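Reader: I have just opened this entry and would like to learn how its descriptions are justified. Could you walk me through the reasoning?

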Amino acid sequence: MTAISHTAASLDDAGEPRARIASWGTLLAAPYALYLVLVLLVPLGIVTVYSFFTYSTTGVALPVLTLRNYAQLADPYFLRLIGRTAGIALKTTAICVVLGYPLAYALARAKGALASLGFFLLLTPLMVSPVVRALGWYVLLDRNGLVNTVLVACGAGRQQLLFSEPAVLVGLSHLLLPFMVLPLVASIERIPPSLEEAARNLGASPLGVFRKVILPLSLPGLISGAVLVYVESASAYVLPALLGGRFVRMIGNEVYDALLVSYNVPQAAMLTVALVVVTIGILGASMALARRAIAVGRASR
Amino acid sequence: MSRGRAVFGSAIVLIYGFILLPLVVIVGVSFNAGSLFDFPPKGLSLRWYDALFAQSSFLHAFLDVSVTVGVATALAATLLGGLAAIALVRFRFPGRGFLEAFFLTPLVVPHILLGAALYLYFARLGLSASLTTLVISHVLIATPYVVRNVAAGLVGLDPAIEEAAVNLGASRLRAFLRVALPQIRYSVVSSLVFAFIVSFSDINVALFVSGPDTTTLPVYLFSQVQWQSDPSIAAASTVQIVLVALVVAGLQKTFRARIGM
């Protein structure tokens, strides 16, 4: 009898004694919830607290509250660093949108073996370590690399490609393109092909079909992909360390060095908090802009 | 119209070229007979693989650390995340809506922040870098994928079959284990595999929480790229690429369809 009532309870909660249902669900969810509190929330809390502590040359930090760490942000060096990081993240997102849309559309409409192959060739690089993929670009963009060989053959001459912003942009877009494509595919798959056909029959050009049908209906996928790509690229540090070197430093490189090289824990903590705040701020602003643009677009139609 | 299709088709081929080129180059360089990163390779040889497998630091990073931590992470994350997914899909309890969002938060916190936070946390607790701290950190970034995967599998089940088992006298737990679990076995297997790969390829968090004796394969590669550059790094990278490609192909064959995250 109790077993049957449990089944019923789990399927719909109508007319069940709440306490018993609650205890089972809570029991199963508790281990992971507890884990997240201990391994995610407490460490994040510690970082936030450290960001207000005073720098100490001898220990981790002096437990004396100060705003001095945050005052460093007014320094032109840090302002440039934040500007460069936000700029690289925005450009990477734009590149991923441009490359991701055609690819996502092709994958969403592909069938059978071609679709399997397409997903295989997208997912395998995604799961290979970022270091390996950065190394690939390192070899390609090297002074004697393939890209330079082609440039010389074309008469453009040998170029210094590594350790530049374009190198970082290429590497980051390569790293994050699947994060844009996968949510887009999920969105585009749900658009019935008959809708496109109808638009075409009514005289829309391929570009018109994209603008009037695909783009508005895949907007949720576009937004979630863009957010992922932006957040990931804004907080990148392994890739800029390898392809940007000393010349294209991002906030992540500064955090890493402050924590593991110069042992300035309060500064590292302040920079991670600043990174999150700036990221959320820019995301919020772009969302508001996008919403406005959509509203204007609707009104003018 | 067909010209438009041709343009679109070549654009797709070019984008795939962009995606695959770095990996193709790495694999090519690893078979290079010369001692530089020549691509196309100047003659084929396996000398860099010989050099690689003669290095105990590589074997240690690959087998003793990365594979071990990956397997432990896969098991722990699938257990934690699987139970959490069952709770979310099968039960109604106070705070369920909040937990549904909370359980996915590690996905949206930048990894540099997680790495820095865990580094300071373990230092604060007096824990030095070990396989355990690596597993604890990797479970954090792998479990959200498990929750999503298992929950998606459970949502698609027809509850009537399980109910029938219960009506025929099976206990609630037995009905779940014998009826529901076999039906979601693919979700469970893919969760194990995903969690393994998340751990196996992670560099962002591992750089902060791995120590001198617990260097993972990606961390090993990272330091090799910075300090010593010969094609044996490409050989080590190729080992990673081949392993991941086999796993992805295996998953696809099992599902006969698309897998996504």
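Reader: How do you know that the span of helix 9 (residues 185–201) of chain B is close to the one expected?

Author: Happy to explain! This is a predicted model, in which local features need pLDDT of at least 70 and side-chain atom pairs count only at pLDDT 80 or more, while totals for chains, interfaces and linings use all residues. Residues are numbered from 1 along each chain as its sequence is written, and chains are lettered from A and ligands numbered from 1 in the order in which they are written. The expected span of a helix is 1.5 Å times one less than its number of residues. Helix 9 of chain B has 17 residues and reaches 24 Å from its first C-alpha to its last, close to the expected 24 Å.

Reader: What makes helix 9 of chain B largely enclosed?

Author: A residue is buried if 20 or more other C-beta atoms, placed from the backbone, lie within 10 Å of its own (exposed if 12 or fewer, partly exposed in between). In helix 9 of chain B, 13 of the 17 residues are buried, so the rest of the structure largely encloses this helix. For chain B, 46% of the 261 residues are buried.

Reader: What makes an element of chain B a helix, and how many helices are there?

Author: Helices are DSSP runs of H or I with at least four residues, and strands are runs of E with at least two, numbered from the N terminus. By that rule, chain B has 12 helices and 0 strands.

Reader: Why are helix 13 of chain A and helix 5 of chain B called roughly parallel?

Author: Axes are lines fitted to C-alpha atoms, for helices over the stretch in contact, with angles from 0 to 180 degrees between N-to-C directions. Angles under 35 degrees count as roughly parallel, over 145 as roughly antiparallel, 65 to 115 as roughly perpendicular and the rest as oblique. The axes of helix 13 (residues 251–260) of chain A and helix 5 (residues 111–125) of chain B cross at roughly 10° and come within 11 Å. The two helices are therefore roughly parallel.

Reader: Which residues make that contact?

Author: Two residues are in contact if their C-beta atoms, placed from the backbone, lie within 7 Å. Helix 13 of chain A brings A:Gly252, A:Val255 and A:Leu259, and helix 5 of chain B brings B:Ile112, B:Ala116 and B:Tyr119.

Reader: How confident is the predictor in chain B?

Author: pLDDT is the predictor's confidence in each residue, from 0 to 100. Chain B has a mean of 89, with 97% of its residues at 70 or more, but pLDDT stays under 50 over residues 257–261 of chain B.
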